[in-house]
Amino acid sequence: MDEQHISHNPQETSRQMYIRHGQNYGVDPNRMAALSKTYGNSTLFRRWGATVFDCIFFVIGYICFFISVIQITDRWFLPLAIAIRCILLIAFFSYYLLLEGYTGYTLGKFVFRIKVVNGEGKPPGFLKSLIRTLLRLIDTNPLLMGGIPAGISVLVTASRQRIGDLAAGTYVVKVRDLEPISKKTMKRSLFIFFTAMVILGASFVNAIFNLQTVTYLLKFR
């Protein structure tokens, strides 16, 4: 009877069989590699969507932050622009390093229900996340070949890994295929997600208010 419920799609069949018979994982350090091999190309679109989401988050945050700083200082000059870009680079680096390292998620990955894990299915930790983040500046940099190297790597590798994953020994898997996480971990991830969204929303509202104020002053000057 069980065989009747298995999909005729070979990739989906493999995934279902893995989930059905692979619950007693023990401490196998390569079980995520086996799971990743059951994925088709659809995982690339999830990863691409998550990356775009994160990029939009940073672009909006950068614009809002820039407008807010200009409004506070009432001037624009080169040192300020350089400082803002340095702050953005640090924020970008810390965003991926800390969130992926200790939760496995970024905002984009949380939305698209995928997660970065080590071979055992746990968040990768600081060192592996550091390697992934450093190589992200090369293989998923929108200003450097537009993330094409990462896309090609995900398509041609058996475990659907980008260059950073190959170097760090990490995998990006669908959340539904992982063992259920504790309520404490879920609450922590949700708290991080909503805190970031609140900060972004507040920055956006502040930037709109500043723009309206500037427009009003220029109109009646």
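# Talking through a predicted model

This is a predicted model, and its protein chain comes to nine helices and two strands.

Me: In what order do the elements of the protein chain run from the N terminus on?
Reply: The chain has nine helices and two strands to place. Starting at the N terminus, the order is α-α-α-α-α-β-α-α-α-β-α.

Me: What share of the contacts in the protein chain with a separation of 6 or more comes from residues 24 or more positions apart?
Reply: Some background first: the chain has 221 residues, and 40% of them count as buried. For the contacts with a separation of 6 or more, the share from residues 24 or more positions apart is 69%.

Me: And how much of the exposed area do carbon and sulfur atoms supply?
Reply: The protein chain exposes about 13,100 Å². Of that area, the part supplied by carbon and sulfur atoms is 70%.

Me: Which element gives the most to the nonpolar patch?
Reply: The patch sits on the surface and has about 920 Å² of accessible area together, with Leu89, Leu137, Met145 and Ile152 among its residues. Two elements give two or more residues to it, α6 (125-139) and α7 (148-156). The one that gives the most, with four residues, is α7.

Me: Is leucine 137 buried or partly exposed?
Reply: Leucine 137 has its place in helix α6, and it belongs to the nonpolar patch. Buried would need under 20% relative accessible area. Leucine 137 is at 32% relative accessibility, so it counts as partly exposed.

Me: How far apart are the end C-alpha atoms of α6?
Reply: α6 has 15 residues, and at 1.5 Å a residue they should span 21 Å. The model agrees with that, because the end C-alpha atoms are apart by 20 Å.

Me: What arc do the buried residues of α6 cover around the axis?
Reply: The buried residues in α6 are Gly125, Ser129, Arg132, Thr133, Arg136 and Asp139. They lie on the same side of α6, because the arc they cover around the axis is only 135 degrees.

Me: Which residue meets arginine 132 in a salt bridge at 2.7 Å, N to O?
Reply: Side chains of opposite charge can pair when their charged atoms come close. This pair links distant parts of the chain, with arginine 132 in helix α6 and its partner in helix α8 (residues 163-168), 33 residues apart. Arginine 132 is buried, with a relative accessible area of 1%, and the partner counts as buried at 0% relative accessibility. That partner is aspartate 165.

Me: Which residues do salt bridges that share partners join into one network?
Reply: The count for the model comes to nine salt bridges. Those that share partners join these residues into one network: Arg47, Glu100, Lys109, Arg132, Arg136 and Asp165.

Me: How far apart are the closest N and O atoms of lysine 109 and glutamate 100?
Reply: Both residues belong to the network. Lysine 109 is buried, with a relative accessible area of 7%, and glutamate 100 is buried too, with 1%. The two form a salt bridge, with the closest N and O atoms apart by 2.9 Å.

Me: What about lysine 122 and glutamate 120: how far apart are their closest N and O atoms?
Reply: Lysine 122 counts as partly exposed at 48% relative accessibility. Glutamate 120 is partly exposed as well, with a relative accessible area of 28%. They form a salt bridge, and their closest N and O atoms are apart by 4.0 Å.

Me: Where is arginine 113, with its positive phi?
Reply: Phi of arginine 113 is near 60 degrees, a positive value in a residue other than glycine. Arginine 113 counts as partly exposed, at 31% relative accessibility. Its place is the loop between α5 (107-111) and β1 (114-117).

Me: Is arginine 160 buried or exposed?
Reply: Arginine 160 lies in the loop between α7 and α8. It has a positive phi of about 55 degrees although it is not a glycine. Buried means under 20% relative accessible area. Arginine 160 has 13%, so it is buried.

Me: What distance separates the C-alpha atoms of alanine 34 and glycine 119?
Reply: Alanine 34 is found in helix α2 (residues 31-36) and counts as partly exposed at 34% relative accessibility. Along the chain, alanine 34 and glycine 119 are 85 residues apart. Their C-alpha atoms are separated by 9.3 Å.

Technical notes. Residues are numbered from 1 along each chain as its sequence is written. This is a predicted model: local features need pLDDT of at least 70, side-chain atom pairs count only at pLDDT 80 or more; totals for chains, interfaces and linings use all residues. Side-chain values use heavy atoms; hydrogens and water are left out. Patches are made of residues with over 30% relative accessible area and no salt bridge: like charges are joined within 9 Å, nonpolar side chains (Val, Leu, Ile, Met, Phe, Trp, Tyr) within 5 Å. Accessible areas come from the Shrake-Rupley method with a 1.4 Å probe; for residues, only the protein chains shown count as cover. A salt bridge is a side-chain nitrogen of Lys or Arg within 4 Å of a carboxyl oxygen of Asp or Glu. Buried means under 20% relative accessible area, exposed over 50%, partly exposed in between (1.4 Å probe, protein chains only). The expected span of a helix is 1.5 Å times one less than its number of residues. The arc is that of the directions from the helix axis to the C-beta atoms. Contact means heavy atoms within 4.5 Å.
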